[in-house]
Structure formats: structure tokens, C-alpha cells
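Here are some short exercises to help you find your way around a new structure. Try each task yourself before you read the solution.

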Amino acid sequence: MAGTASPVDQDVLIVGAGLSGIGMAAHLQMNCPDRSFALAERRANLGGTWDLFRYPGIRSDSDMHTLGFVFEPWRHEKSIADGPAILDYLNRIVDERGIRDKIRFNAKVIGADWDSAAARWTVTMENDKGAVTTTTARWLYLGSGYYDYDEPFDAEFAGREDFQGQIIHPQFWPKDLDYAGKKVVVIGSGATAVTIVPSMTEKGDGKGAAHVTMLQRTPTWYFIRPAKDAFANTLRKFLPEKLAYKITRFKNVRLQDIAFRRARERPEKVKEFLTKKLKDSLGDRYDAQAFTPPYNPWEQRLCLVPDADFFEAMKADKASVVTDHIERFDKTGIQLKSGKHLDADIIITATGLKLAVAGKIPVRVDGEAVAWNEHYYYKACMFSNIPNFSVVFGYLNASWTLRADIVSEYVCRVLNHMQQTGTDVATPVLADPNSLTEENIFDFSSGYIQRALHIMPKNADKLPWRLSQTYVQDRIDMRTGEIADGVLTFTKAGEAAKVMPAPAELEAAE
């Protein structure tokens, strides 16, 4: 990057060494090889979510041919992968591509300040011993995830202090928890609960729980599929690895898109299909009350059940589902409002995550604190009137990494445009927010989303001020759309950004 900007420690600082951050590092190497970069990771290890969560059975809730990167084939036989396999994948990428020595571990970002005159970010970090340092960068890229690492959502249950057993939240799973032969109640009905329940009953060495009960307030829609993708594994036998991966990825993206659109357009048909699959799997164990949600499929994410393991545990009498409301905890378990009592030695509160915007990092532009709920998304990765800044917030209806890949590619295109034009600053300029019609694109009824709407950035009813949920179209727009579109404004250090006509408008005027 050129111009009158002040020197920096690196051109791009990536916050977070999980899927999003590692993906951006690899894309920078491929698309902006002359740009310097570093990663700041608050934890002692890379992996983000896949390093933090250590509960039994931790796995992807979407297939690894779309949760994997576009540039790195998934080689494992199982496409629904466990946490250790995903960490192996990420570690291989950073080692084979020389990214590891760019990662600064135990570096928690506690502040980010933009200086327009110098055209650079000054980022403040704190290590695990409390020492504070700063670093500077032209561009700040947040791959810090979407939820609060420090504080999960933990519903307040009366009588918690009376319970004489253990209460555990999956986000902070204790190492070497002994649950052999114990009665376990898992509160919740989402992906975490449905993963934990069969995993705690599986062990054949006498270390599994005696029984695991999933206590749900509201049923969830489940989708059963094999953990192994037979199509992908067959292709790999006959085609080069990268070609087989590309074909499988294309197939899975299309099927996800078709399934989502069908659920929105013909919800009753999709309900019938999912219910039939459940009845086929559970047989006489099927209970309509436990498996008929009060909402349509894809009003919340479908809950994946690989190899029907959750239902197999139920048929083996190792697990059960109870649909009820909690009155209170007591010494020996949970008293339900129906009058029933669930005995428990261990209670697991799989009650959800708490969303966090921009990793909870205080961000300031020329000394003024940024309130994210006052800014609009631009191109699903930047924000109105925030310069040289991007973030990854994945899809609600598809794999997270699909967005991470196209955002990384797009930001690299912006960086290259800045270099070619000798500019220092890229700002999505929104002169009149009142000219936009605001729309809530988070039309999902999931509790973790609804609880966080007040802190989320704004969305307009049309592009580019919108966090779109249509990957196939987004990929086309992000890869081929005009960079200098009249909204994204390019200036040199110290110059004021203002709305400029798009190239097409200039041609029309001439």
C-alpha cells in the first residue's frame, strides 16, 4: 500500500486464528503475496471454536466439504467430522503454508483505534500475564467469531444452589469429567445437546453414563444423514483429490440451497419428509410431542443427526427425551412444572450461546467509539463509514466457511485495488442512513439470535447494505462485482471520504 500513510508493523492484522483467520491468511498468501500480515490469537492454541469446546462428541454440524476451505480439500473419510479431525486439518494448513510463525498466541485484543491522518490502525493487546503491547496495521480483519468466549448464555434456574451434583455448561467442559454410571440430564434441544447425549452413552468400556435424559422446552427439527459421504469417497478413488473435492463441494452447496428454499416455499412438505425420516428411525419410540416443533423447518437451523446416533441411543434405552418446563432444581435433580421429577447426578445446561459483535473489542475511529448497531453491513463484511475494516459473520443457513472464503477473496481484491490506485483508505460511505429501508434479515426464531438483535449491525432491504443469506449469488457478486462501485470510496491518508459515482454512472453521464 502506498500514499502518504505512516509506516506500520504489518499491512493486515487478522484477529483470531480459527477457521476465518486462518482462511484469510492463506488467501493473502495466494492473492496478495507482497502484503505483510500477522494473526493475534487470544488463546494458547489455534482453532477457535474447535479448540475451546471440549465436550463429548464435539463435531461439525455441517459437512466438511463446505465447512472446509475452497483451497484445501477435506481428506478424511467422514464428512461430518469431530473436533480433533478439524483441528488436524487446520494445523496441517498452517504448517504446510508457513502461517504458524505469523500467529501471536496469548494475545487478546483489547482495543483498536483508527487514525485517519496516518491511515492506520493501532491495536492494543494483552497477554496471559497481563502485559499490554500495541501493534499497527493498514487493515484490520476480524475472524473472532460470533459469540462470547467468556460468558455463554446460561438460563437462570431457581434452586441451582440446592443441587448437590455437578452443573456444567458445555462451553466450559471440565477436563476428565467422570460420568461413568451416572444419571445425566442435558437441558436443551439444539446441536450441542443432540451431540452430547449419544456421546455420553456410547462408551463400551463401562465409562458411559447410566442414562442421559435430554430435557427440552421446545422440540427441534432433525435431519438424519450418514457421517460418511459415499459420493465424495467414491469420487476420491477415481479422480484427483482437488477435482473430487470441487465436485462434492458444488453438489453439497446446491443441495443445501435447494433444501433451504424448499423449506421456505413448501414448509408442510418438508415437515412431512422430516417426520417420516424420524418415524422410520425411531419406530415405536417416536413421540409426536417430543418431535413436532411449533415452527417451520429452517426458521431455526436444522439439527443434524449423523448416522441417527441420537435415536439409536434412545432405542437402546440409554437416552430419552422429556418435553416439559423447569419448576426448579432441588438436591437430587430437577422438579418439572408437570409435577414429574428428573433425578440427576450431573446437569448439563446446553442452553445456548451469547452473541458478541466484533469480538467485544472496543473499536474507535478518530477517537470516537463505534456503536455497531448504528452502522449498516456493506457487502456482508464491511460497515458503513468504517475504513479499512472487515469481519466475518457466516451464513445461518449454510456452512460458516463458505462466507469466510468469499469475504477473504473480496478483501484481497480491495487491497489489490488500493495498491493499483496508490490509495491508503477504503471506506463504504453512507452519507444518508435515512435513505435506506432497514430490514431484519435475521428472520430466524433461534433464541441466541433474538436475544442479540439489539447489538447487531443494521441491514437494509437491498444490496450492498445487507448481510445476504444466499451464498451462490454472493459468490458471484463478491468475485465479479465492481470494486469501485461508487459506495466503496478510495482515498489517501488524511483525505475525507465522500460518495463517488460508480464507473457505470460516469460512462452514462459522458
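Helices (H or I, at least four residues) and strands (E, at least two) are DSSP runs, numbered from the N terminus. This is a predicted model, in which local features need a pLDDT of at least 70 and side-chain atom pairs count only at 80 or more, while totals for chains, interfaces and linings use all residues. Residues are numbered from 1 along each chain as its sequence is written, and side-chain values use heavy atoms, with hydrogens and water left out.

**Exercise 1: confidence**

Find the mean pLDDT of the protein, then look at residues 502–510.

Step 1. pLDDT is the predictor's confidence in each residue, from 0 to 100. The mean for the protein is 88, and 92% of its residues reach 70 or more.

Step 2. Over residues 502–510 the pLDDT drops below 50, and this stretch has seven contacts (heavy atoms within 4.5 Å) in the model beyond near neighbours in sequence.

**Exercise 2: unusual backbone spots**

Where do Pro-464, Asp-317 and Lys-379 lie?

Step 1. Start with Pro-464, which sits in the loop between helix H12 (447–450) and helix H13 (471–480). The peptide bond leading from Leu-463 to Pro-464 is cis, with omega near 5°.

Step 2. Go to the loop between helix H10 (309–315) and strand S12 (319–323), and you'll meet Asp-317. Asp-317 isn't glycine, yet its phi is positive, near 60°.

Step 3. Lys-379 is in the loop between strand S19 (377–378) and strand S20 (382–383). Lys-379 is not a glycine either, and its phi is positive at about 55°.

**Exercise 3: a pair of helices**

Work out how H1 and H11 are placed relative to each other.

Step 1. Axes are lines fitted to C-alpha atoms, for helices over the stretch in contact, and angles run from 0 to 180 degrees between N-to-C directions. The axes of helix H1 (residues 19–31) and helix H11 (residues 400–421) come within 9 Å and cross at roughly 40°.

Step 2. Angles under 35 degrees count as roughly parallel, over 145 as roughly antiparallel, 65 to 115 as roughly perpendicular and the rest as oblique. H1 and H11 are therefore oblique to each other.

Step 3. Check who touches whom: the H1 side includes Leu-19, Met-24 and Leu-28, and the H11 side includes Trp-400, Val-411 and Leu-415.

Step 4. Sort the contact residues by class: eight are nonpolar, seven polar and two charged. (Ala, Val, Leu, Ile, Met, Phe, Trp, Tyr, Cys and Pro count as nonpolar, Asp, Glu, Lys and Arg as charged, and the others, Gly among them, as polar.)

**Exercise 4: two sheets**

Which strands stand at the edges of the sheet S13-S14-S15, and which at the edges of S7-S16-S8-S9-S12?

Step 1. Two strands pair if DSSP finds at least two bridges between them. The order S13-S14-S15 belongs to an open sheet of three strands with antiparallel pairing.

Step 2. Strand S13 (326–330) and strand S15 (341–343) are the edges; each has a single partner strand, so one side of each has no neighbour in the sheet.

Step 3. Look inside this sheet: S13 and strand S14 (residues 333–336) pair over four bridges, and Ile-326 stands opposite Leu-336 in S14.

Step 4. The order S7-S16-S8-S9-S12 is an open sheet of five strands with parallel pairing. Its edge strands are S7 (166–168) and S12, each pairing on one side only.

Step 5. Strand S8 (residues 183–187) and strand S9 (residues 211–216) pair over five bridges, with Leu-215 in S9 as the bridge partner of Ile-187.
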